[in-house]
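Reader: I've got a two-chain model open and would like to walk through it with you. Shall we take it piece by piece?

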Number of protein chains: 2
Amino acid sequence: MTGSLTVAGLGPGDEALVTPEVSAALAAATDILGYGPYVARVAPREGLTLHPSDNRMEVQRASEALRLASEGREVVVVSSGDPGVFGMAAAVFEALERAPQWQTLPIRVLPGVTAMLAAAARAGAPLGHDFCAVNLSDNLKPWPLIEKRLRLAAEADFAIAMYNPRSASRPEGFGRALAALKEAGCGERLVTFARAVSAPEERIETVRLNDATPDMADMRTLVIVGNSQSRRVGRWVYAPRQAR
Amino acid sequence: MTGSLTVAGLGPGDEALVTPEVSAALAAATDILGYGPYVARVAPREGLTLHPSDNRMEVQRASEALRLASEGREVVVVSSGDPGVFGMAAAVFEALERAPQWQTLPIRVLPGVTAMLAAAARAGAPLGHDFCAVNLSDNLKPWPLIEKRLRLAAEADFAIAMYNPRSASRPEGFGRALAALKEAGCGERLVTFARAVSAPEERIETVRLNDATPDMADMRTLVIVGNSQSRRVGRWVYAPRQAR
């Protein structure tokens with residue numbers, strides 16, 4: 001009996017943003033693995049085993065998922081948003097690289113609505129022109145590389161979606177990111193703070209970067225820095241399609 | 001009677017990638033506007049008027065949608081993928097900027113699975129680390145700006161998702177983009193060509209950038225250039241989460 005491994009994105013929070021493809025995979029699963037709060041979004045049922053685990057356990061979790069699949073289970077590893085954007089997909093392939101015996105298992109990655117798309121939709125169209133996505137967590141990369149990327153992104157005039165801007169264990173980084181962007185000449189750009197997008201406690205706020213302070217973001221906030229052309233129309237923010 | 005305007009993303013093609021939120025909006029609509037091939041994805045029914053229009057008519061289409069909403073219609077403007085990523089959302093806000101009398105209309109943007117997420121999922125996890133999205137169409141921006149962004153993205157070591165790499169009216173651009181990336185030292189990077197993702201005729205191919213040729217992309221192809229760390233594991237391509 002051959003099992004399978006599916007890596008699925010649950011979207012930003014609202015069930016109405018879970019794709020039918022992902023819902024079908026969850027309905028067919030025997031085992032769900034993931035970070036606790038994400039596994040908690042899957043309803044328990046007869047025949048389904050939930051395996052919540054801690055944050056920063058990504059590769060161990062991925063290895064366990066591969067092992068279960070190799071034993072014939074129908075395994076789904078869940079991420080919030082899209083699993084390919086700072087989610088579990090890369091961790092699964094990292095685990096697979098270490099364990100070549102599992103490379104013939106049926107593996108699928110199912111995309112989802114990543115946080116920056118949901119946040120942008122609520123704000124208007126701040127990603128309507130070229131843009132980049134930068135993970136501000138320095139767990140897996142040195143801080144100077146993050147600053148370098150922000151400076152180059154500013155020079156390229158990308159809108160910049162910043163994931164994981166701030167956490168209890170990294171309170172300083174986001175302030176340094178804002179300072180780096182000011183230094184790079186982005187002070188007048190519009191910055192949107194999108195907290196808990198699509199959840200009941202959602203809050204969206206847009207200010208000039210010069211007026212942004214580090215405490216405006218927390219672990220559940222997605223930050224979008226507009227490009228140099230971004231502007232307001234009514235209550236919306238958008239990046240014009242035309243650029244010079 | 002007040003109507004409403006909804007800008008909705010239909011995802012890359014497969015109905016299983018349309019969010020329930022978007023399906024509900026389509027079911028409640030009286031009028032659907034969009035580029036012909038996207039409007040054709042919505043099933044006709046009693047009480048629903050379909051308004052297909054040509055490509056490059058984005059702002060006219062958006063103005064017409066606003067006018068219909070102001071007359072009390074429940075209007076949905078459709079994009080493929082996500083409407084905020086090189087889709088109709090920015091065009092709607094552009095039209096709204098020109099017609100302030102409509103700024104009090106109820107407007108919603110509904111996110112969708114954009115092509116790069118679906119393409120990345122099929123290939124593995126090439127966007128698993130920081131990345132950017134660049135529209136290679138020079139209809140709305142000068143070509144030198146595109147090349148500048150590609151060079152800076154290479155220097156930042158972003159993975160690069162390239163939308164609209166090639167069309168009949170712009171056969172030359174994609175070759176120049178590949179040349180610029182080679183010059184920027186990206187020759188050894190893995191490049192994934194994802195054509196017609198999630199449609200029956202889908203085709204995914206990964207080669208080294210040095211071996212990529214312009215004819216490997218067409219209008220329906222999404223191209224993802226990996227970062228310097230991207231590698232293969234089995235039949236997959238992924239960007240490791242760790243960076244130096």
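Reader: Let's start with a helix. Which residues of H3(B) are buried?

Author: Keep in mind that this is a predicted model. H3(B) covers residues 58-70 of chain B, and seen down its axis the buried residues fall within an arc of 160°, so they line one face of the helix. Those residues are Glu58(B), Arg61(B), Ala62(B), Ala65(B), Leu66(B), Leu68(B) and Ala69(B).

Reader: And what covers the buried residues of H3(B)?

Author: Both strands and a helix turn up here, and they belong to chain B. The cover includes S1 (4-9), S2 (31-35), S3 (49-53), S4 (74-79) and helix H4 (88-98).

Reader: How far apart are the end C-alpha atoms of H3(B)?

Author: Take 13 residues at 1.5 Å a residue and the helix should span 18 Å. The model agrees with that. Just for orientation, H3(B) is followed by Gly72(B), with a positive phi near 100°. As for the end C-alpha atoms of H3(B), they are separated by 18 Å.

Reader: Moving on to the contact between the chains: which element gives the most to the side of chain B that touches chain A?

Author: On this side, 54 residues of chain B are in contact with 54 residues of chain A. Several elements give two or more residues, including H1 (20-28), H5 (115-123), S7 (131-135) and H6 (143-155) of chain B. The residues on the chain B side divide into 35 nonpolar, nine polar and ten charged. The one that gives the most, with seven residues, is H4(B).

Reader: Let's zoom in on that helix, then. Is Ala90(B) buried or exposed?

Author: Ala90(B) is found in H4 of chain B. Its C-alpha atom is 10.0 Å from that of Val7(B), 83 residues away along the chain. Count the C-beta neighbours inside 10 Å and you get 28, and since 20 or more is the mark, Ala90(B) comes out as buried.

Reader: Leaving aside neighbours within four places in sequence, which residues is Ala90(B) in contact with?

Author: Look across to chain A for these. One of them, Ala125(A), also stands opposite Tyr238(A) in S13(A), and Tyr238(A) is itself among the contacts of Ala90(B). The full set is Ala125(A), Gly128(A), Tyr238(A), Ala239(A), Pro240(A) and Arg241(A).

Reader: What's the order of the open sheet of three strands in chain A?

Author: The edge strands are S6 (124-125) and S12 (231-233), each pairing on one side only. S6(A) and S13(A), residues 236-238, pair in the parallel sense over two bridges. The sheet has mixed pairing, and its order is S6-S13-S12.

Reader: Do S7(A) and S7(B) run parallel or antiparallel?

Author: Three bridges join S7(A), residues 131-135, to S7(B). In one of the pairs, Phe131(A) has Ala133(B) as its bridge partner. The two strands run antiparallel.

Reader: Back inside chain A, how many residues of S9(A) are buried?

Author: S9(A), residues 190-195, has partners to look at: six antiparallel bridges pair it with S10(A), residues 203-208, and five join it to S11(A), residues 221-225, also antiparallel. Phe193(A) is bridged to Glu205(A) in S10(A), while Val191(A) is bridged to Val225(A) in S11(A). The strand is mostly covered, and of its six residues the buried ones number five.

Reader: Which elements do the buried residues of H6(B) pack against?

Author: The buried residues are Ile146(B), Arg149(B), Leu150(B), Leu152(B), Ala153(B) and Ala154(B). Their packing involves both chains. From chain B come S7, S8 (159-163) and H7 (173-183), and from chain A comes H6 (143-155).

Reader: Last one: how far apart are the centres of domain 1 and domain 2 of chain A?

Author: The domain assignment gives domain 1 as 4-113 and domain 2 as 116-238. Seven residues of domain 1 are in contact with eight of domain 2, and the domain 1 side divides into five nonpolar, one polar and one charged. Taken over C-alpha atoms, the separation of the two centres is 28 Å.

Definitions and conventions
Residues are numbered from 1 along each chain as its sequence is written. Chains are lettered from A and ligands numbered from 1 in the order in which they are written. This is a predicted model: local features need pLDDT of at least 70, side-chain atom pairs count only at pLDDT 80 or more; totals for chains, interfaces and linings use all residues. Domain bounds come from an automatic or database domain assignment. Two residues are in contact if their C-beta atoms, placed from the backbone, lie within 7 Å. Ala, Val, Leu, Ile, Met, Phe, Trp, Tyr, Cys and Pro count as nonpolar, Asp, Glu, Lys and Arg as charged, and the others, Gly among them, as polar. Helices (H or I, at least four residues) and strands (E, at least two) are DSSP runs, numbered from the N terminus. The expected span of a helix is 1.5 Å times one less than its number of residues. A residue is buried if 20 or more other C-beta atoms lie within 10 Å of its own, exposed if 12 or fewer, and partly exposed in between; C-beta atoms are placed from the backbone. The arc is that of the directions from the helix axis to the C-beta atoms. Two strands pair if DSSP finds at least two bridges between them.
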